[in-house]
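Subject: Structure handover

Hello,

Here is the structure for your files. Notes on the ligand site and on one strand follow below it.

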Amino acid sequence: MPAPSLTLPQPDPIIDQFVIDRDIVYLNHGSFGACPRAILDAQTAHRLQAERELVRFYVHDSWEKIDRSRNALAALVECQQRDLVFVHNATTGVATVLKNLDLNAGDELLVTDCEYQACLNNFQKTAEKHGASIKRVTMPWPIESEDHVIDAVMAGVTSKTKIALLSLITSSTGIRFPIEKLIPRLKEQGVETLLDAAHGPGCVPMDINAWGAAYTTGNAHKWLCAPKGAAFLHVREDLQDEFEPLVISNDAMQLETASEKSGRTPFNHAFDYAGTDDVSMYLTIADSIEWLSTAHPDGIEGVMERNRAVCLRARDLIRETIGVTPPVPDSMLGPLSTINLPVSSMTGQDLKRALLEDYRIQVPVWGTPSGSVAIRISVQVYNSIEQYEYLASALKEILSAS
Ligand SMILES: Cc1ncc(COP(=O)(O)O)c(C=O)c1O
């Protein structure tokens, strides 16, 4: 039960369009997103339409519907539709790229210690299989400037480096990496980038064409509020020859002919039918983009600006309440922010339990690269500044009692 001195704060009224429990202060959009009821209904409608005539759906109708989402997403992330395919999550996107790399014994795969664990695990397993090795660079914490990050990454490059894995926004620390500077710097050294934009569309503005990464994967099921299992993979045009999905399907041996028939590129066609599967989440991406565009008078751009502004305000009021300094410059933040906590006699687990059980706050508590305890706040349209004021008061009470 919440402490007697505190009553649960009101979220933004738009929460009525979601199905999120109202007895919880939900400040963790970053982990699994959240899907509004209208989008879940749209997904159900796509599923029902498929079930009415499954042959027509899988061999005909689904193409046009997948293209509707592909076009909407390509416009949002600034790339050509023909270079974009759907996968079920960013982890699958990373695994698909790794399957397609031509790796040899002695090659090095460059990662930072802020990359997401599942991606790191895929890198590790792939390296082991090919006799390659992982070069893991340590990110500074706190971070004073973009150059801090750029220097740390570039220091990891050697003549053996084959590819670099970089997050657009890191998972645990919520930092927006300066990828528009890093990708060309790496390319100059002959190193291609796999950009992990799991926190990408709907989170921060994206320009895949301008950034020029070899591969970009990202989730729609996080910040676009799409149903779970909706993610994408972008492969730069010069790398698409022979690039294969994880699952080889019916048309793999006659891809040119089959893709001509379905009116799409061979790359698109190879991914659009990968065995019988539920593709309703892909079809719903276009609906999610439409829905999120109406959540702010300035469309998705407005949503992203609003969320970032609330996040900065929230971070400032929390750190002022508990008396800590910001670990990252404002310019390197989107709608996620990690705040170090002055915890001495309490573990992160204890703090998480107290926040959830005593204050009904769902927020991740974890370690930072420097070994201290931190919380990571997320801000999506349904969050209000009052919720972070409540979090700040809760933290103050817990920390002063510990
Ligand atoms: C930076 C980053 N990369 C990859 C992932 C994996 O996303 P998914 O679980 O959808 O594969 C996450 C998930 O939170 C993430 O934060």
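A residue is counted as near a molecule when one of its heavy atoms lies within 4 Å of it. On that basis 14 residues surround the ligand, and the closest are Thr 91, Asp 196, His 199, His 221 and Lys 222. This is a predicted model, in which local features need pLDDT of at least 70 and side-chain atom pairs pLDDT 80 or more, while totals for chains, interfaces and linings use all residues. Residues are numbered from 1 along each chain as its sequence is written, and side-chain values use heavy atoms, with hydrogens and water left out.

Ligand site: a polar side-chain atom of Lys 222 is 2.6 Å from an oxygen atom of the ligand. For the side chains of His 221 and Ser 171, the distance from an N or O atom to a ligand oxygen is 2.9 Å and 3.4 Å, respectively. The protein covers 90% of the 390 Å² of accessible area that the ligand has on its own (Shrake-Rupley method, 1.4 Å probe).

Strand 8 (residues 231-235; strands are DSSP E runs of at least two residues, numbered from the N terminus): five of its five residues are buried, so the strand is largely enclosed by the rest of the structure. Buried means under 20% relative accessible area (1.4 Å probe, protein chains only). Ala 231, Leu 233 and Val 235 lie on one side, Phe 232 and His 234 on the other.

Strand 8 pairs (at least two DSSP bridges) antiparallel with strand 2 (residues 84-87) over four bridges, where Phe 86 partners Phe 232. Strand 7 (residues 215-219) is also antiparallel to strand 8, over five bridges, with Thr 216 opposite His 234 as bridge partner.

Regards

Note on methods:
A polar contact is a pair of N or O atoms within 3.5 Å; within protein, one must be able to donate a hydrogen and the other to accept it, and residues adjacent in sequence count only if both atoms are side-chain atoms. Buried means under 20% relative accessible area, exposed over 50%, partly exposed in between (1.4 Å probe, protein chains only).
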